[in-house]
Amino acid sequence: MLCYVAFHAFFLMICAASVQVVEVRSNDPTPTEPEAQSCGCHNLKRDVLVTTDSHASEDPAVKYLQTTNEKPTLSTKGGEKSVSDSQMVLISGGEFLMGTDNPCIPPDGEGPQRSVNLEPFFMDVHEVTNHQFKSFINATGYVTEAETFGDSFVFDGVLSEATKSQISQAVAAAPWWLPVKGADWKHPEGPDSSITDRTDHPVLHVSWRDAVAYCSWAQKRLPTEAEWEHACRGGLKDRLYPWGNKLTPKGQHYSNLWQGDFPTHNSGEDGYIKTSPVMSFPANGYGLYDMVGNAWEWTSDWWSVHHTADRQHNPKGPPSGTDKVKKGGSYMCHKSYCYRYRCAARSQNTPDSSASNLGFRCVSQEPP
Ligand SMILES: [Ca+2]
Ligand SMILES: [Ca+2]
């Protein structure tokens, strides 16, 4: 309840705010309206910047099925690595409690807590890395949506001054989000950046469709929200985080989040100002890394904030919608602005959205 009260005051501002891109005036970098205290990444809509979507009708799950593309190198002992170079763990099925009856951000639809039954599945132990995504691109020639559109959203705190000086727009409700021309998975902070020293970091600037295309190529799929949350909880019941209820047990950081004052000062107390190499923090009880923090992760579900309290079996979310659910929060999350690095927390973006803190991992019914 305390959680709710603390959040409620500034949520009233959030819910009234729609994302608008505004001109940034010199000597007045902060747009005047609407103001909202949120990280703002939950509603970065590409269509405020771009009006065409020429390949919306293509189904990446079909187009980039591995079998429709060049046969990838299969895993061999001591030889070449597997197609997606991935490690997966078996997540037991059965019953778990999804959501919470003590929501910190009630309008996100964190509740009610409901009993969910799942089939067993395998899940990538870490977020899909730049290295893995590059294998996919090399094998298929896939072009991401950010590359097609020519831009992507980047948090201004990670941009070079040279890149920032060329930008004249920002997201009204969250002026630290800037549309950066040339930002894509290979150039996370725009054209003057690269992933050369970040091959083991989570791939960023991938839209939901890009993520679906990758998983299909790897003969996997995106997790449902229920699968993701079950996996996040790591076998614990009704806890905030994958490791328990205390954010930093014995002073140790268990995830890559934001320490300091958002959005002006990131102390990097956990060791990282931006993304971290996957598996830099302890795994949860299921052997999964970075389920919260580092990069947000797409799920297959359409977004809705209305949930039944009835027991469900393998829920897959609403049949349609405008936004897709993402889970886990990112290196940009701080309790004061984006307390969404909890297993029950959730947020959303349109399927064509991409940003410098949003990635994914895959699941499969089959062993890797
Ligand atoms: Ca950090
Ligand atoms: Ca993550």
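**Reading this structure, feature by feature**

Guide: Let's begin with D238, which is partly exposed, with a relative accessible area of 43%. Buried means under 20% relative accessible area, exposed means over 50%, and partly exposed is in between, using a 1.4 Å probe and protein chains only. Mind that this is a predicted model: local features need pLDDT of at least 70 and side-chain atom pairs count only at pLDDT 80 or more, while totals for chains, interfaces and linings use all residues. Residues are numbered from 1 along each chain as its sequence is written, chains are lettered from A and ligands numbered from 1 in the order in which they are written, and side-chain values use heavy atoms, leaving out hydrogens and water.

Visitor: What is the phi of D238?

Guide: D238 has a positive phi near 60°, although the residue is not a glycine. You'll find D238 in the loop between α7 and β9. H205 also has a positive phi, about 60°, and is not a glycine either. H205 sits in the loop between β8 (177-181) and α6, and with a relative accessible area of 0% it is buried.

Visitor: How many helices and strands does the protein chain have?

Guide: Seven helices and 16 strands. These are DSSP runs numbered from the N terminus (helices: H or I, at least four residues; strands: E, at least two). Of the 368 residues in the chain, 55% are buried.

Visitor: Which residues does a cis peptide bond join?

Guide: Look at omega: G111 and P112 are joined by a cis peptide bond, with omega about 0°. P112 is in the loop between β3 (94-98) and β4 (114-118). F262 and P263 are also linked by a cis peptide bond, omega about 0°, and P263 lies in the loop between β9 and β10.

Visitor: Which residues coordinate the calcium ion (ligand 1)?

Guide: Start with the donors: N, O and S atoms within 2.8 Å of the metal, or 3.2 Å for Na, K and Ca; water is not among the atoms, so sites may look incomplete. Here they come from N256 (OD1), L257 (O), D270 (OD, listed twice) and Y272 (O), at 2.3 to 2.5 Å. L257, in the loop between α7 (225-233) and β9 (260-261), and D270, in the loop between β10 (265-266) and β11 (296-302), are 13 residues apart, a pair that links distant parts of the chain. Both L257 and D270 are buried.

Visitor: And what coordinates the calcium ion (ligand 2)?

Guide: That ion takes E127 (OE), D290 (O), G293 (O), A295 (O) and E297 (OE), at 2.4 to 2.6 Å. E127 is in the loop between β5 (121-124) and α3 (130-140) while E297 is in strand β11, so the pair ties together parts 170 residues apart in sequence. E127 counts as buried because its relative accessibility is 0%, and E297 counts as buried at 0% too.

Visitor: Which residues have the most contacts inside the largest nonpolar core?

Guide: A nonpolar core is a set of buried Ala, Val, Leu, Ile, Met, Phe, Trp, Tyr and Cys residues joined through side-chain atoms within 4.5 Å. The largest one has 71 residues, and M123, F133, W177, Y214 and F360 have the most contacts inside it. Helix α6 (residues 208-217) supplies the largest share of this core, seven residues.

Visitor: What is F133 in contact with?

Guide: Contact means heavy atoms within 4.5 Å. Leaving aside neighbours within four places in sequence, F133's partners include W185, Y214 and F360. Chain-wide, among contacts between residues at least 6 apart in sequence, 75% join residues at least 24 apart.
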